[in-house]
Structure formats: C-alpha cells, structure tokens
Amino acid sequence: MITLALLFAFVCFGLGLLFCLWRITIGPDNADRILALDTMVINVIALLVLYGVWKGTAIYFEASMLVAMVGFVSSVAYCRFILRGDIIE
Amino acid sequence: MTDDSFSLIIIALLPFLGALVPGVMIRAGRNACAIFTALPTALALVMLLLHAPAVMDGEVIKAELDWLPQLGLSAAFFLDGLGMLFAGMILGVGLLITLYARFYLSGEDPMGQFYTYLLLFQGAMLGIVLSDNILLLLIFWELTSLSSFLLIGYWKHLPEGRQGARMALAVTGAGGLAMIGGMLILGNIVGSYNLTDILAAGEQIRAHEWYVPALVLILLGAFTKSAQFPFHFWLPHAMAAPTPVSAYLHSATMVKAGVFLMARMWPALAGTPEWFYIVASVGLITMVLGAVIALFKDDLKALLAFSTVSHLGLLTMLLGFGTEAAAIAAVFHIINHLTFKAALFMTAGIVDHEAHTRDIKRLGGLAKLMPITAVIGTITALSMAGIAPFNGFISKEKMLEEAVHTVWWENPWIVPALATLGAVFSVAYSLRFIFHVFGGKVRDDYPAKPHDPPFGMWAAPALLTVLVVLIGVMPFLAEPVVNMAATAVTGHETHAHLKLWHGLTPALYLSIIAVVGGAILLALHKPLDRAWIAAPRPEAKAIFDRLLAALAGLAQRISEGSHNGSMSRYLAIFVAATTVLGYLAWSGSAAAAPSRELLPIPPVVMVGWVLLLVATASVVICHRNRFRALVVIGVIGLIISFGFVYLSAPDLALTQISVETVTIMLLLLALHFLPKATPVESGAARRLRDGVIALAAGAGVAALAYVFMLRDVSTISGFHLANSYKGGGGTNVVNVILVDFRGYDTYGEIIVLGIAGLIIFALMEALLNGPAAAKLRNTDYSQDRSRDRHPLMMVIATRVMMPVAIMVGVYIFLRGHNQPGGGFVAGLVVSIALLMQYMASGFAWTQRRQQIEYHSMIGWGVVIAGLTGAGAWLGGKPFLTSGFDYYHFPPIEEFELATAMLFDLGVFLAVLGGVMLMLYSLSRIARYAGETVNVAPMDYDPSQDDGGEGPGKSDQTERER
C-alpha cells in the first residue's frame, strides 16, 4: 500500500516539476519564473523526503531540511532584485 | 661528517652569511662596514689555508649534503689543488679589494650595498670552484652572473653602468643557458652529476656520440664568461663599474670562471682534435685581437679590459693545446695574471681617483707627481709586457715555448707567429701604459691636481707588486702551488720547473722580437692611432643592441599574436585543442570491452534530466536577458544538488545548494549596476564556430564519461574508504579526505578563497575611489520600485531563522568528521544566515552589529589551519598529519577529539570570512552610488505606536559620504 502511495506521490511531484519548468520557460513575467523556481525547490524537498521513506533512511530527511533552510534565500534575493534592484541596501 | 668536510661547508657558506652584515654595519660607519666585510673573508681564507698542507700532499677534501637526491642534485663540495688555488685567489684578492674599496668609494656611494654585493659575488665564485656537483656548479654559475650584474651596475645613476651590466648579464646569462644544456648531456652520458665521477669518466665521454654537442655547449658557457672572441665585447662595457669591481671581477675572479671551468673539465673533455681546434683557435684569435685593440684604447680601464681579454685568450689557448706542459703554463699564468692585473686595475683606479680622468691622452708626467703609484704601475705593467725579471716574463716564455711546439692544421709556424704578434702588441700597450701615463713632462691641465693617495689605497696594489717581483726573481717559490693546481687539472702528478733563465731557446728569441717590436709600435703610435681611428670597424655595442631589439621584437610579435586579450579566442583555442587531443588519445587506444550493465532509469530521475537539459538550453537561448538567465541557472543548481543527494553524496549536495545561493546573491548584487541585457557583439559565423566547438567538446566529455562508467576502472576511492577511519579517525570519508588525506590541498584552497575575497575588496576600494565612483553617483538606478525596503514579515522571519541557522551550522560543523558536514558547509550555512540579516534589515543596520572584521576572520582561519598543521611537527610528524583520540566525560557520552577539527575550524572561519567579505564589498557599491541607508531594523516598526512615524523614515536615514 505504502509503495503505491509513494509511487503516486513521485508521479505527482515529478509532474509538478515539469509544470514548473513549463512556467519558467514561457513566463510571461519574471515574477512567474521566481514563483515557479521556489515551487521547484519545494517539490525537490518533497521528493527527497519521499525518497528517504522509499529507502528507509533518515539521511535524506536531514538533507531536505537543509535545502528548506537555505533554498528560500535565493528566492528572496530574486524578489528583492525585481522589487528594489539592490538586494542588500 | 668529519671536521674537514664540515669546515669546507662553512668556508663555502661564510661569504653568504657575511653578506647579511655590511648592510647593517654601515650604520656604524664606513670603517666598521669594511671590517665586517673583511672578517668573513679572512676567516674563510684562514680556514682554507689550514687545509693547504693536506691538499698539497694530494689529498682531496669532500663534503656532501643531500639536497634534491631525486634530481641528482646534492650540496657536494670538494677541495683539490685547483679549487685550492682559485679559492685562495678569490678570498685573498677579496680581502685586498675590501681594503681598496674602503678608500676608493666616496661618501655618497652606498657602501653597505657595495660590500653586500661583493660578498654575494665572492660566495658565488667560491661555490663554483668548490662544487663537486655540476648542477650545484650551474647554480653558483648563474649566481655569479646575477651578483656581477649588481656590481657592474652599482652606480645606478650612470647609463653606461646600467647598459654595461645588462649586456654582461645578457651575454653571460645566455652562455650559462647553453652550459646548462651541456652539463645535462654530460650528466646523462656518465649517469651521474657528480664532478668526481665525470672527471673519472673522461674516456667514456670522449667516445660518446653526444661528446661534440656537450663540448660546444659547455664551451659556449666558458667563452661567454671569459670574454672569448666573439663574445669579448661585453667585458670593456662592464668597465663602467667602480674600479674595485673591475679589479676583482675582471682580473681575478669572474672572467677566470670560464678558464677555471675549462681547467676543471680538462680531464674529461680535453685531448681530442675538436677540443684543440675549438679552444686553442678561439684562444689564439682572442689573444691577438684583444692585444691589438688594447693598444688603441685611450681609456686606461678599456686598455686594461682588452689586455685582460687578450690574456684570457692566452690562457684558453694554453688549455686548448691539451698537453701537460701547457696546462702547467696556464696554471702559472693564472697566478701571474692575477697579481699584475689586479694591481694595474687598482693603479688605474688611483689615477682616476686623483687626476679625475682616465684618458691617456690627457695624462702623462705622473711619475713626478705620484711616485709610489708610478713605481707600482711600472713594475706591474712590465710584468704584463713579459719583461724580465718579473713573473709575467716567465709565464710568457712558457707560453711561447708551447706555441713553438704546436702544429696547427699541419702548419708549424702559424701558432708561434700569431702568438708572437700578440706578444708584440702586448709589449706595446704595456709600454704605452707606462710612458703615456707616468712618463713625459708634467702637464698643467689635469682636471685635478694629482698626488699619491693615502696608504690604505696603495697598500693592496703594493702587496701584489711585491708578489710580482718575488715570483719573478724566485720562481721556485711558486712551484708547489703550481704543481698542486696542475696536478688537479691534468689528473696526474706534475713537476713544474720554473726558472727565470732557460738558456737561449726559441722562446727567448721570440720574446726579444716581441720587446723590440713593441717598442717600435709604441714609437709609431701616433700615426697608427690616426689610421686606426680613420679605419672602419664594427661597433660591437651597436650590433648587440640591434640584435637584442630584433629578438625582443620577435618575442613581442609571437606573444601578441597568440595573446590578443580576447577571452573567447583563448577559450576557443583551448577547448578545440583539448578536444582534438582527447580524440587522438582515444582513437589511438583500444578500450576494454564494457564490463558493466546499463542501469534502469527511474522516471523521477528522467524528469530531473529533462529539467537539466531544458534549463541548460534555455540559458544558451536567453542568456542575453541576464536576469532570466540567472533564474534558469537557479534551476540547474537545484537539480544538481538533488542529483548529489540521490547519488549518495549528501556533503556535496549541502555544499552545492549553499554555494548556489551565495553565487546567485553575488551575481544579483553585481547585476544591479550592470546593463540588464547583453548586446550582440559577434557575427553569425563566429557564433556558429563557437557553437560547433562547444558541442564537440561537450559531446567528447559525455562520451568519455559514458565509456568510463561502463567499465570497471581502478580508482583511489578504495584506499580512502579503507583508511578513513583507522588513519584519519573519521567515518565521513569526504571530510577525512578534505582535512586529512588532502589536507594540504584544502589548506591551499582556503588561502585562495581568502585571497579572492581580499582582492574583490581591494578592487572595489580602487573602483570606488577612482573615476568610476563619479559615474556611479551620477547614474540613475531608480526603477519602478516597491516602497517597502525592509518588509516587516521578512525582518521577523530572518530574526527567527538566525539562531536556528547558526545552530545548524554549529551542528554540521561538529559532526562533520563522522557524518555529512564539515567546516566548509558550516561556513556557508552560517554566512547565508548572516546574509539574510543583510537582506532583511539593510547594510547599515547589520554592519553596526557585526563586531569582527571579515578580513581578520580570513586571517585567523588561515592561521589556525596553518598552526594546526604545523602542530604535527611537534609530534615529529609531517605537516598536517592529524591526530585523534576518544574522550569520556560523565554526563556526555564518549566523543572524539581530532586535530582535524581545529583545522576544520580554520576552514570554517576562512570560508565564512571570504564569502562575507565578497558580498560585503559588492553591496558597498550601492552606498557609493548615493543610496540612502536605513539605521532602523525595518521601515515600519509596529512597536512604535504612532502611526508610521517611527524610526526609519527618511529623516532617520543617513547617507554615507
């Protein structure tokens, strides 16, 4: 049962990644792209956790935590760039 | 090591150690400076002379210290008769020159510098004559070129001095280069770079097919150093040096180095027709040419310079004859030439010093005004002319004797005839030195009123003059020394018989011809001089300058043709060449059959692959829109980090994601002040070319990776996995590799990172203080902006995140040795935590709360890592060997402490400092551009309950500069 659920989740998040890629490619706006990239980061975190469950190890969980902790910083930086131009004022 | 060999090493080192002193002692006065120069020289001379009895008995003293044994290079010294003779001359004359220079140099000349150079040169010369290893000898050989460059160019304000020094360096340096080649060939023939081995293998060398190239190359070195035709032209130009330098370098030491080398190599190289025809002929030509030119030189020092060229030619010729008697004559003449020529140079210096001119045409009649100098000059010049009863006579007799017996190309009279011609001119210029300087009437138009110098100045030449007379009258006194050196040259015992009167031999008749001819030439000097001046002759300096300019032009054309400053050209050449070479290497080798199966591709990985491909393609397509390209690069970084996790490299993943974040921030900071779009600069053809090259290289790398992954290849990984825990005390192999196995690399890398940070800081500093600052200030960067500079939500979120992130950093750092993590990742995580504060509350607010300078953080990091590494020395281990042990304190479970952790702390600090310094430097631009900065944490502070009039409004902002 859990295997099926995992497979389903893998497919969903994989598709999510592809859709984000589509959004990044066509835009139309830079804000769309940044949002898509941030969503990608979240999808990747999810995939890492799923993979850890699949393999039955905790090591990926920790990696996903770290990605979560630093992953959003670049999104913030992109946003500050389009909002203010200068990311460190 | 025995006492003898120890003392030999001390002798060789003394001048170098002594060279450290005069530069300091000059503060105690000129006399103290001179005394402290003489001290190491005298000490070395005494130690040398203590060995003299043993060496005269035929003993050879050796000393050897391993230096680079893999290259066959060892600091090996040996002292035999020849070395003894030369070392004695170098040190003895060195002492006299020290004394003479004390009185010769004026108050304005930096005397400390002079004595330092002098001792350096002395050490280099001593090294040449004492080396027992030809590689070591080459090193000292180059050192003499360099230190003589300093000495010749000592009067830096004189253009002739600088040009002369450059010419000497160019010529002798080029010769030294040739000699390196020759010596390497020699070492290859014999299979050892040990001089003793080489001298013992003479037969083998002479029979070898590489004998001639080796001989020619080594002789090029010797000829350039000893100013043999056609390289003789540098010596007269080097006369721009102060006279003590000329007296030392150009009579006794440097120019004799070439002669010494030929004498040293005599057992190994001499005795073949090639040796005879090259060495004897060059020597003969040089002897005659030098003597002829010397007669027509009006400058006293130029006359002596060409006379030196001529006498060096004589020595070369004698060594070229290859007979034992000729070698004895050469050794004897080396001694004699030293005594009279050094004294003559000093005499010329005295005349110049007192009369303020060295122009013979403006001198004359000095015998009455400076009688002591005149006596010294006359006796030594007569010896130079080869007139009895002075020592020059005896060695010239011996030379003529050898010349009479020499058959050149089946012609028995050409060598004696030319040798006599040289002797005729030699007598003529010597007599001219006497009669045109000291003889004649006293004049009243000298630039200064000449008189005898103080005792200190004429003491040195006077001592040499005594030697000239002593050896001349009682030549048997010199016999033991000559035998000692000649035995070492020829390789078997010699018995020299030195007598003033040899009976009525052909040599005596030739001598008489020379004296009479010389007198006649001097009588005819005036008309001859006019003819000489009118005659066209090649000007060596002009030819040399043209040659040098042509070579420099050629070098410039080559380097400018291949290095035109275009980055894309370099990359195109580099990548294309690498691809072609890789293809050639691959097509020439037969790869083993694939030994691995292809693994199945999971669909999620496939998705990642598609993402990577599409993102890469997008970067290529949309790279002109810089911001968009940056966003897409973010996708690539994310997928690569993901890939690292998936492929079981969590360390790399952590590092990758942190580096991605920091890089994006750096690029965004810079992009703010750059155009947001890249203009099209290259044509379609150029882009097509670059595209083809890039695709070919990419396909090549992919193919290579594919092929390797299908095969089992032996790697170093196994070793690392096996030794990580028992050797490095850690279970995290990646970290153990970083801090232990490859600790030295890591150490270098953090230094590089620190340097990069400091360079960015320095560049910014220069940029912001330069003209660019004005442009920055006058450019309007305002765009359609959000008005909320420091959003409340972000400020709060980052404050909350800060301790968590720092804690995670510490955690990652501490466990790094055994679990994924380590100083590098921890440094990046902490720097990201800090950067968040910069972004949220602005530069000024954060900077006020930052107590430690990033510069010093880098410095401390490198120092801590370095000290940790050096700590291994205390335990007698090599640099960066890590130690570890396990400890147990009751409340905490057992834990491990490793020195690697301290090293990791250094890495952590250097990374943190480096990254922060880079971002800090870039973010400073904005403030120079005239942006206002915020001192409050956020624009709107809800704790100030007065409706948005809290701190942080425009009246509370400050403006830097």
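**A look at chains A and B in the predicted model**

With 13 C-beta neighbours inside 10 Å, B:His356 counts as partly exposed, since a buried residue would need 20 or more. This comes from a predicted model, and B:His356 is a handy place to start. The residue sits in the loop between helix 17 (324-355) and helix 18 (366-369) of chain B. Its backbone is a bit unusual: phi is positive, about 65°, although the residue is not a glycine. Most residues other than glycine have a negative phi, and most peptide bonds are trans.

Another exception of this kind turns up in the loop between helix 10 and helix 11 of chain B, where B:Ala227 is placed. Here phi is about 55°, again positive in a residue that is not a glycine. B:Ala227 counts as buried because it has 29 C-beta neighbours inside 10 Å. The loop between helix 10 and helix 11 (234-237) of chain B also holds B:Pro230. The peptide bond joining B:Phe229 to B:Pro230 is cis, with omega at about 0°.

Helix 10 leads into a helix pairing within chain B. Helix 10 (residues 211-225) and helix 13 (residues 254-264) of chain B pack with their axes 6 Å apart and at an angle of about 150°. The two helices of chain B, 10 and 13, are therefore roughly antiparallel to each other, as angles over 145 degrees count as such. On the helix 10 side of chain B, the contact involves B:Ala222, B:Phe223 and B:Lys225. These meet B:Val255, B:Ala257, B:Gly258, B:Leu261 and B:Met262 in helix 13 of chain B. Sorted by class, the residues of this contact between helix 10 and helix 13 of chain B come out as 6 nonpolar, 1 polar and 1 charged.

Next comes helix 19 (residues 371-385) of chain B. Its 15 residues should span 21 Å at 1.5 Å a residue, and this agrees with its end C-alpha atoms, which are 21 Å apart. Helix 19 of chain B is mostly covered, with 12 of its 15 residues buried. Among the buried residues are B:Thr373, B:Ile376, B:Gly377, B:Leu382 and B:Met384. B:Pro371, also in helix 19 of chain B, counts as partly exposed because it has 13 C-beta neighbours inside 10 Å. The C-alpha atoms of B:Pro371 and B:Asp452 are separated by 7.1 Å, although the two residues are 81 residues apart along the chain. Just after helix 19 of chain B, B:Gly386 takes a positive phi of about 85°.

As for the interior, in soluble globular proteins nonpolar side chains tend to be buried together. The largest nonpolar core in this model has 210 residues, and B:Tyr100, B:Ile152, B:Leu318, B:Ala330, B:Val331, B:Val482 and B:Ala485 touch the most other members. Helix 17 of chain B gives this core its largest share, 19 residues. Leaving aside residues up to four places away in sequence, B:Tyr100 touches B:Pro244, B:Met346, B:Met457 and B:Ala460. A second, separate core of 103 residues includes A:Ala36 along with B:Val635, B:Val825 and B:Val915.

That brings in chain A. It has 3 helices and 0 strands, so the pattern along the sequence is simply α-α-α. Of its 89 residues, 46% count as buried. Among contacts in chain A with a separation of 6 or more, 41% are between residues 24 or more positions apart.

Where the two chains meet, 50 residues of chain B are in contact with 39 residues of chain A. Several helices of chain B each supply at least two residues of the side that touches chain A, including helix 28 (603-622), helix 36 (792-815) and helix 40 (899-928). That side of chain B has 34 nonpolar, 11 polar and 5 charged residues.

One piece of this interface pairs helix 1 (residues 2-26) of chain A with helix 28 of chain B, at an angle of about 10° and with axes 9 Å apart. Helix 1 of chain A and helix 28 of chain B are therefore roughly parallel to each other. Helix 1 of chain A brings A:Phe10, A:Gly14, A:Leu17, A:Leu18, A:Leu21 and A:Thr25 to the contact. From helix 28 of chain B come B:Pro603, B:Val604, B:Val607, B:Val610, B:Leu611, B:Val614 and B:Ser618. The residues of this contact of helix 1 of chain A with helix 28 of chain B divide into 10 nonpolar and 3 polar, with no charged.

How values were computed
Residues are numbered from 1 along each chain as its sequence is written. Chains are lettered from A and ligands numbered from 1 in the order in which they are written. This is a predicted model: local features need pLDDT of at least 70, side-chain atom pairs count only at pLDDT 80 or more; totals for chains, interfaces and linings use all residues. Axes are lines fitted to C-alpha atoms, for helices over the stretch in contact, and angles run from 0 to 180 degrees between N-to-C directions. Helices (H or I, at least four residues) and strands (E, at least two) are DSSP runs, numbered from the N terminus. Angles under 35 degrees count as roughly parallel, over 145 as roughly antiparallel, 65 to 115 as roughly perpendicular and the rest as oblique. Two residues are in contact if their C-beta atoms, placed from the backbone, lie within 7 Å. Ala, Val, Leu, Ile, Met, Phe, Trp, Tyr, Cys and Pro count as nonpolar, Asp, Glu, Lys and Arg as charged, and the others, Gly among them, as polar. A nonpolar core is a set of buried Ala, Val, Leu, Ile, Met, Phe, Trp, Tyr and Cys residues joined through C-beta atoms within 7 Å. The expected span of a helix is 1.5 Å times one less than its number of residues.
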